[in-house]
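This report covers helix packing and cysteine geometry in a single protein chain. The sequence and structure come before the details.

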Amino acid sequence: MVGLVRIGRPEYTGENRCWPCTIVNAVVLGLVSVLVGMVQPDIGVFVVVLGAVVIWTRGYLIPYTPTFAPRLVEWFPVDPFHTRRAGDSLGSLGSDGVGDASGEQVLRSLLDAGVVVADGDRLTLAERFETAWGERMDELAEATGEELAEAARDASSVATSARSQDGSGRSFVVLSDDAGNVSWLDRPVAIAETAAAAVLGSTPLPANRRDVAAHAVCAFLERCPGCDHEIVEADARSCCGGADYSATETPPRVLACPDCDVRFFTLDVT
């Protein structure tokens, strides 16, 4: 039991387990066991059992799997959770002037538009905006996947097509532009940002800032529009170090819903 505890890697097991990586490791284990078993059947069985225990408690058997796993999972296109970029948003699709805006510029635009209010060092959403945003999120939460996709496309300043996509027990809105760029928005993120962009349309905020501003206001989100769970600060690292971060990198902190396993906003760690 002590040995199992020592080799255990909770960051790669349980909810953090990468199933494509687990399957690949299991296949390699099976091939090695067959080869060994052809010479020594008893040892082959021992190799299978020991290897299975290591994979289950550690998450992988092949050395350095967490290092090459971010590229490995891209070989499984049937799983949108692993092929997408975690943390995609309306503002991550194309540029149209949005990508050139710094966080400080976006914040200044929100302050100038009266969407964000400064009270000393404390920033809050204007009550009128917050109320309208919440009402629109409630409406979109009742929408079908295709209805939400259509609303997200209309809210985006650059998206030319949108579709609803289900996979890995999750629901996404997939946005595309004329340049072939694609953004995968988890349904709760699509609800929050589409609602925000729609309400921002009635403010003085410049049109080419609404996409990224819709993402920025998610920093003030308190409850998940998908399940109503409280938004918490969490580690951005996902399966096998995440598609965005290697095993040696320190990922940033994010605001996320632990129930939906969805990130809404990445905190500035600089």
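## Packing around helix α9

From α7, residues F129, A132, W133, R136, M137, L140 and A141 meet R187, I191, A192, T194, A195, A196, A198, V199 and L200 of α9. By class, the residues of this contact of α7 with α9 divide into 13 nonpolar, 1 polar and 2 charged. The model is a predicted one. Helix α7 spans residues 127-141, and the axes of α7 and α9 come within 8 Å, crossing at roughly 135°. The two helices are therefore oblique to each other, since an angle counts as roughly antiparallel only when it is over 145 degrees. The crossing of α7 and α9 is right-handed.

A second partner of α9 is helix α8. Helix α8 covers residues 145-155 and α9 covers residues 187-200. Their axes lie 9 Å apart, and the packing angle is about 45°. That angle makes α8 oblique to α9. The crossing of α8 with α9 is left-handed. On the α8 side the contact involves G145, L148, A151, A152 and A155, and on the α9 side R187, A190, I191, T194 and A197. These residues divide into 7 nonpolar, 2 polar and 1 charged.

The two pairs are set out below.

| Helix pair | Axis angle | Axis distance |
|---|---|---|
| α7 and α9 | roughly 135° | within 8 Å |
| α8 and α9 | about 45° | 9 Å |

T194 is a residue of helix α9. T194 is listed in the contact of α9 with α7 and also in the contact of α9 with α8. Its relative accessibility is 2%, so T194 counts as buried, the cut-off being under 20%. Apart from neighbours within four places in sequence, T194 is in contact with L90, L140, A151, A152, A155 and V189. Of these, L140 is among the α7 residues that meet α9, while A151, A152 and A155 are among the α8 residues that do so.

## Cysteines

How many disulfides does the model contain? The count comes to 0 disulfides. The cut-off for a disulfide is a pair of cysteine sulfur atoms within 2.5 Å. For C260, the closest cysteine sulfur is that of C227, at 3.6 Å, which is too far for a bond.

Where is C227 placed? C227 sits in the loop between α10 (210-216) and β6 (232-235). With a relative accessibility of 34%, C227 counts as partly exposed. Leaving aside neighbours within four places in sequence, C227 is in contact with C257, D259 and C260. C260 is therefore a contact of C227 without being bonded to C227, because the sulfur separation is 3.6 Å.

C260 is also partly exposed, with a relative accessible area of 24%. C218, by contrast, is buried, at 0% relative accessibility.

C227 can also be placed relative to α9. The C-alpha atoms of C227 and P188 are 8.2 Å apart, with their positions 39 residues apart along the chain. Helix α9 runs over residues 187-200.

## The chain as a whole

The protein has 10 helices and 8 strands. Of its 270 residues, 41% are buried; T194 and C218 are two examples. Among contacts between residues at least 6 apart in sequence, 59% join residues at least 24 apart.

Methods: Residues are numbered from 1 along each chain as its sequence is written. This is a predicted model: local features need pLDDT of at least 70, side-chain atom pairs count only at pLDDT 80 or more; totals for chains, interfaces and linings use all residues. Side-chain values use heavy atoms; hydrogens and water are left out. Buried means under 20% relative accessible area, exposed over 50%, partly exposed in between (1.4 Å probe, protein chains only). Axes are lines fitted to C-alpha atoms, for helices over the stretch in contact, and angles run from 0 to 180 degrees between N-to-C directions. Helices (H or I, at least four residues) and strands (E, at least two) are DSSP runs, numbered from the N terminus. Angles under 35 degrees count as roughly parallel, over 145 as roughly antiparallel, 65 to 115 as roughly perpendicular and the rest as oblique. A crossing is left-handed if the near helix is turned anticlockwise from the far one by less than a right angle, and right-handed if clockwise. Contact means heavy atoms within 4.5 Å. Ala, Val, Leu, Ile, Met, Phe, Trp, Tyr, Cys and Pro count as nonpolar, Asp, Glu, Lys and Arg as charged, and the others, Gly among them, as polar.
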